[in-house]
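User: I am new to this structure and would like to know how the descriptive words used for it are justified. Please set each value against its definition.

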Amino acid sequence: MHSEFLMGNAAIALGAIAAGVDLVAGYPGTPSTETLENTAKYRPEGLYVEWSVNEKSAMEVAAGAAYAGARTMVTMKQVGLNVASDPLMSLEYIGVKGGMVIMVADDPGPISSQTEQDTRHFAYFSKLPCFDPTSVQEAYDMIQDAFAYSEEYGTPVFFRPTTRICHAYASINVKDADEYKKNSPEGFIKDSKRWVIFPRLSNANHRKIEARNEKLKDVFSEYPRNMILNGGANAGAADAAPEVSAVQSVTASKKGIAAGGISFALTMEALHGRTDARVFKVATPHPFPEKLAVEFLTGLDEVLCLEELDPVIERELTYVCGKYGLDVKIRGKLTHDTANAGENSLDLIKQYINSFLSEQENVAVVDQAAIEAPQPPAIPIRPPVLCAGCPHRASFYAVKVAMKRQKTIFCGDIGCYTLGNAMPLDMCDTCLCMGAGINIAQGVYRIEPDTKAFAFVGDSTFFASAITGIINAVYNQAEMTVCILDNSTTAMTGHQPHPGTGRTMMGEVVAKVSIEAVLRGIGLEFVETVDPLDLEKAVDTVKRAQEVPGVKAIIFKSPCVAITKPKGKAAVDPDKCIGCRKCIREIGCPGIVINDGFVCIDDSLCTGCGLCALICPVGSIGGEVHD
Amino acid sequence: MIKNIVLCGVGGQGTVLASKLLAAAAMEKGFTVMSAETIGMAQRGGNVFSNIRISDGEAMYAPMIGTGEADLILAFEPGEAVRMLPFLKKDGFVITNTRAVKPTTATLTGSGYDAGPMLEYLQKKVADGHLMQVDGDSAAAALGNPRVLNVVLLGAAVRTGALGLTEEDILNVMGKVIKEKFLDLNRKAFTLA
């Protein structure tokens, strides 16, 4: 054992390595991404790590390896699980031989996601066990438990941290390399009665799954990370090994708090030693530790449930009260005592607990000092924007210029380029989910054939889920232009390699999958690659594409500025600048600023992409720029 | 005892390295450390913050800090100091960089935003002698590398004494966190008055 300061995702990676994981596959997605990256970084000999082309592929690769007796982990964000739900729902019936952990990171807020969906529901829906860590240390320890349970019961299990676990750092205790579990996979043993899914097998296995989950309710009631605490009085951090459930020492309080995930940690902070509430820590929201819940509820009048996303614990406790005839009022999201959307902050948790535990109604106190205090000046809003020099800005601008005054729809997709929606570009009319833009554009075109339909998709998203949409468009004779914004990386999630980059997560150099060849293979005749920073040529390419019928593709190819050396710095010649501010109005680059009323280039941001120099009507912008 | 620190700024200013240095120095002294960072979409020019909590043994469960609980706010941008000010404890310290980073939206709309009113507000709200205004960008530029802004500001924060860490504590762990070839530069930046 030694102590290390680790990000939650790194702790999960090291925990999986300590559990002897043999294969890790995943697709990048905030807040899950660093888990797979850290398994590659700390990779012991014999561990195979890959970025799969999407979550469905990752799930299937991990399942295959687990069929062969390997310990496997698959990583993704919550919306990635939607992509992988097809193999997931069937894998539930087949099961695994080696331990398989499905690490899905949820994103309350949401901070960087499309949805606030709750993976605990997916665990319930797919009938798989779910582990929900409350801290970085617990994430490290618990993922090792998750592998053990998975292997013991022959089923994949969910491991569901949230953003505040994934992206928290803590100094935690981790095992030394000689303490790691060693695993030697048996290999795949042919047995079509076990590995081939047929209705009869599904029926038989469905019965077994239901019986297993009944048993797991009892097993999890004894799982030491599910526990009842005497308020905030239990000394030591939440990470310390718990001393069995301490019911006997619980005070005569008639109120209880049930919590899971980061909300449990925040509850313990908020209670700060006070013991007027019994606390139920739920580490396995599914199957729910029913016996322990009854023990917790017995003797209480009221329980407040503190959890993020959906009221999973709250519904389970309400059910337990009904089933066992317990007269306990369960409060939370369903009773409007807590917010039903967004993250739980420490302030919110304190407020919930204070009003739950206080005897009298909250009386609004007028704070005279606060009224008389100076009011803060207006603080600027800082929405995320495309970086200075980002080639996506130039691609969007080229299409905008080429299609000026025509009836158009610009369907966006998931990635940095979603930020093309911001003013002044305003080039993202729709955004739904990975790869959807290609098909949405076709749908709009069917109803409004006089609209010029465009779909913008990034290179990684192209490989992940755009190809089938393009085949659909070609097969069904749609009229559209597909713009592939190829910056040679998966930028938004922190620059992961993908099939088009010619590098793998294990550092191998491999043949690049050519986007152009894929498109030609599908049957597209107009496929052109253009440098978006060559504005004139880019605009011309977009215009020429409109003269051709059917599905056209333009590959705007220029590397992400965050991983390439700046080309130089632009400079404004103050003698030539007429102050028209067209550069600012047209492209909204954060590298162009106004100082004392004059247009200037911010040297710390400019990459010398040269787009502003091409836009200036009087040629006042020069310096070292892209040519 | 627990020390609560808020680091805040605009994406790309280097708040992460500053929090790593603080954590490494605290761990070296046997303290436990927790922190929470902003990662993802908010990084691209958005406002970012980190919470850092250092405990000498007192039970600590969560990495997040509540309103009125921060012993020190280390702001890389004056408007961001104002944004995070509700987290400051009564008599807590504020170290703020004086240069405003103008958001693209303000440039586009032509709406004014500059450091003056932000700093004036901080002067009114923060207890006497507990506000340090540092022209960190000029100091970093004088050293020939604007990227050491974070370490310049961290030096000022440590010298308040509010963190329970000394200059030596940080200097001792710099070698563990920072690449050899940038070490001298960072040491100079950190000790810059």
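Analyst: The questions below take the whole chain and then one pair of helices.

This is a predicted model, in which local features need pLDDT of at least 70 and side-chain atom pairs count only at pLDDT 80 or more, while totals for chains, interfaces and linings use all residues. Residues are numbered from 1 along each chain as its sequence is written, chains are lettered from A in the order in which they are written, and side-chain values use heavy atoms, with hydrogens and water left out.

User: What makes chain A as compact as a globular protein of its length?

Analyst: Chain A has 22 helices and 22 strands. Its radius of gyration, taken over C-alpha atoms, is 28 Å, close to the 25 Å that the globule rule (2.2 Å times the number of residues to the power 0.38) gives for 627 residues, so chain A is as compact as a globular protein of that length.

User: Why are helix 1 and helix 7 of chain A called roughly parallel?

Analyst: The axes of helix 1 (residues 8-18) and helix 7 (residues 136-153) of chain A come within 8 Å and cross at roughly 30°. Angles under 35 degrees count as roughly parallel, and therefore the two helices are given that name.

User: Which classes of residue make the contact of helix 1 with helix 7 of chain A?

Analyst: The contact (heavy atoms within 4.5 Å) involves residues including A:Ala11 and A:Leu14 of helix 1 and A:Ile143 and A:Phe147 of helix 7. By class, the contact has ten nonpolar, three polar and no charged residues, with Gly counted among the polar ones.

Notes. Axes fitted to C-alpha atoms, helices over the stretch in contact; angles between N-to-C directions. Helix = DSSP H or I, 4+ residues; strand = E, 2+ residues; numbered from the N terminus. Parallel < 35°, antiparallel > 145°, perpendicular 65-115°, else oblique.
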